[in-house]
Each structure stands twice: as C-alpha cells, then as structure tokens.
Amino acid sequence: MNAFAYRDGHYYAEDVAVRHIADAVGTPFYCYSRAAIEDRYDAFADALKDFNALICYAVKANSNQALITLLAARGAGADVVSEGEMRRALAAGIPASKIVYSGVAKTVREIEFALQQDIRQFNVESEQELEVISAVAVRLGKTAHIAFRINPDVDAGTHEKISTGKSENKFGIAIDIAKEAYDKARTLPGIEVCGVDLHIGSQIMNLKPFAAAFSRIAELTQQLRDAGHTISTIDLGGGLGVNYDQQNDKAPNADDYTRIVMETVGHLDCDIIVEPGRSLVGNAGVLVSSVIYTKTNGSTKFLIIDAAMNDFLRPSMYNAYHTIVGGRQNNAPEELYDIVGPVCETGDTFARKRKLPAQEAGDLIVIEGTGAYGSVMASTYNTRPLIPEVLVDGDEFRVIRRRPDYDSMIALDIPWGAAD
Ligand code: LLP
C-alpha cells in the first residue's frame, strides 16, 4: 500500500489532504499513517510466522506513545536502549516480558530499573557490564536473563556512522572471545544465559551481510551448546533498509529477509527475536513544511523552507537522500533547487540540485521517508520548538505530540541571580 500519494493534484496522507492538516496545525509537522505502520508490522509478522518469533520494535526509531501503542496492540515487544525508552515502552502498554534491553553501556540505575520490571532479556555488551548486572541482580534478589551481543566482524555495507558489526566498532563482544564470556557468565550469581544477540547496522539494502553475520552466529550457537550452554533464543537485531529514493532504491522486503533467517539459523530450533525500527515506521511518515522564501544566489536557486536540520537531521548528518515533493502537483516548468532550512549553518540543507516544478512562498514541501529517526533526533537548536506529530487514520487525523510554546522552553533555564 502507498499511504502517501497525490489525489486530484493534492498530496494526501491516507484520506486526508496534508494541506488540510497544515491549515489546522501549522507547518512544519511530522505526519504518520496508521495503516502504513500496521501494514508493515503485519507483513513482518506474517513473514516470520513459521518461527516462534517476537518482533521487538526498536523504539529509538520513533518513540511517540501513539505509535508504540499501535504496535503493542498488535503484539509487538520492544527493543530499548535506555531507561527512558523502557519507560516509554511500558507506558505504551508493552509488557516487560516482551522488552529486550540493548544499549552499549547500561548504568547501575538503569539495570536496577530493568530488573525491577522483570524484563525479558538483557543484551550484554561487555564483561564489565555483565559483572555489574550480576551484582545488582544479587542485591535485588532477581535473576537477569542475558544474551551477549556478539560482534561478528561483518561489514554491513551501509553508511559508516550506522555500521555496528565490524571489529573496530564499539558494539558487542568479539566473536572469538565469546565462548570465554559465556563460560564466565555461567559462574556468576543472578545471571541466567538464554541466548545470543547481534545487530550489525542500519539501513542495510543488501542481504549478504545479514547472511554472513547470521551464519557466524549459528556456528557460535552450536559451539556454545556443545560446551553445555543453554542457547534457546537468537536475537538478530534490526537493520533492514527502506527505499528513501522512491524512484531508484530497491530495499529487500520482510519475506526476503526471513528466507535468510531460515537458511542460516532455522535448523537450530531457537526462539527468534528481531528488532526492526526503520523498516516498520520509516516509510510510514513524512515531514510537511512550507516554503518561506525563494531566492537565487549566483546560479543556485534556493527553496528556503520552515523545517530545518534541527527538525530532521538525516540529510545533514549522513548526507541521506530523501525523496522531496511539492504539496500539490503543478505544471510549472521544473527548476533545480537547493532545498534548505532557516538555521544558521550551511549544513542545514535537505537536498542539492533537486528537480521540482517551480514553487512559491507558501507552497507545501513534503520530505518523504521520515517516520524513522526523524522526530526522535530533533533538537531545539536556534531555539526552534520541537515540531508537532500528527497521526492519520483513514479520513481523520490527530495531533500525537503538541508543539511546545516558547515560554515553556525558556522556563527550563534558571536565570542567573534567580532566588535559590
Ligand atoms: N537494534 C539495535 C541494537 C540498534 O542499535 C538499532 C539501531 C536497531 C535495533 C534498529 O535498527 P533499524 O531496524 O532501525 O535499522 N540514526 C540513524 C540510525 C541509527 C540506528 C541505530 N541503531 C539513521 O537515521 O539512519
């Protein structure tokens, strides 16, 4: 399904024209489609139906309560990387028994909170972390169910800033010392080993790195079992890419991915956990913005829009390409635009030399594929308020995060000289 499309020349989210939302809410705003999110989840669940599988939505991709609630209602668990994300998942109705806790360096406070909730699994990133989990578990009289996050030394073939499975990356423990780590875990009180875990990176468009990494994890599972360890769960992480360039990208789908899972770890008869983030919500959201001004400097034509790098960071941070379209189809001659925001940095650029029909001040500009790693990575740089989020369901829409006002932003500061 395509939840976002032109109808009668106007850009629609499901059955609502984004112009209608823009008039009610003001731009810029994020706009999500309920049907698109539910469809992606159902496709993933269907692809995995031959496994005893739990889909733990990677909350970091988009942690709005409304979205997590929709996924919780469909049976999703959550992959979280902080106490804050764990609290968001619990508040949205995901039971602790479906929460896996990843995260590079969990603090004592976070570990205490997770143990008190009786979460399903800790994905442990180092031997030091394991020792702390053991000590806290003993103190609280709890048992921590753990998997080690294994670094399989596989190149995910994605942007270097979102590659996590090479030996030089900070993530996980090296596969060649994994057995020692498991042997140690067996000796520690308060720890019960239940599985293995990996996550090699994000926005992965080619299945080969998954196949290589999953095969290594399958071999390791066999070795660990031979050494007497109980490995009943394999957590395969997230990472499945999505089409950002709607014309040219060809992301693998959940069925292609699951075929690889079956071929590599299917014979081990383990419970499977997957942690998709982007592939569930990435293309279920768009960023709607308005043209403030147009101008020409030298030979460059600029569209200056009211969204900026603080609202959506991916183009500045990863040079990410996102399809950008006008809010209405018009027959004006095409122009080559640099599409930029109003923030005082040259890096505040969404696209260079992008072909669009001529646009004018007040026209809507839609940046597609912004449902994942959009709102969650926003900041208030230049004292710009975080932008609202809207969820469309059929012919209705609802604001699912309000735009904060300036007073509440400024009131977080304590003026020098204020009474103690
Ligand atoms: N599991 C773990 C342990 C992760 O670290 C991540 C993402 C996921 C699952 C979900 O991966 P996904 O299915 O969404 O690819 N801000 C970057 C992406 C960072 C991803 C970090 N980890 C971006 O905008 O591309």
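**Exercise 1.** Which helix gives the largest share of the lining of the second largest pocket?

*Solution.* Keep in mind that you're working with a predicted model.
Step 1: start with the space itself, which comes to about 670 Å³. Among the 36 residues that line this pocket, K60, T164, H199, S202 and Y373 sit closest to its centre.
Step 2: look for the helices that supply at least two residues each, and you'll find helix 10 and helix 11 (314–318).
Step 3: pick the winner. Helix 11 has the largest share of the lining, with three residues.

**Exercise 2.** Work out where the second largest pocket lies relative to domain 1 and domain 2.

*Solution.* Step 1: check who lines it. Domain 1 (4–31 + 283–410) gives residues, and domain 2 (103–274) does too.
Step 2: since both contribute, the second largest pocket lies between them.
Step 3: for its make-up, sort the lining by class: 13 nonpolar, 12 polar and 11 charged residues.

**Exercise 3.** Now describe the largest pocket in the same step-by-step way.

*Solution.* Step 1: its volume is about 1,000 Å³. It has 46 lining residues, and the closest to the centre are N2, R40, N243, Q246 and N283.
Step 2: find the elements that supply at least two lining residues each; they include strand 1 (4–7), helix 9 (254–265) and strand 18 (349–357). Helix 2 gives the most, with six residues.
Step 3: split the lining by class, and you get 21 nonpolar, 15 polar and 10 charged residues.
Step 4: place the pocket. Domain 1 and domain 2 both give residues to its lining, so the largest pocket lies between them.

Notes:
Residues are numbered from 1 along each chain as its sequence is written. This is a predicted model: local features need pLDDT of at least 70, side-chain atom pairs count only at pLDDT 80 or more; totals for chains, interfaces and linings use all residues. Side-chain values use heavy atoms; hydrogens and water are left out. On a 1 Å grid over the protein atoms alone, a cavity is a set of points where a 1.4 Å probe fits but cannot get out, and a pocket is an open set with protein on both sides within 12 Å along at least five of seven lines; lining residues have an atom within 4 Å of a point. Grid points are joined across faces, edges and corners, and a volume is the space filled by probe spheres set on the points. Helices (H or I, at least four residues) and strands (E, at least two) are DSSP runs, numbered from the N terminus. Ala, Val, Leu, Ile, Met, Phe, Trp, Tyr, Cys and Pro count as nonpolar, Asp, Glu, Lys and Arg as charged, and the others, Gly among them, as polar. Domain bounds come from an automatic or database domain assignment.
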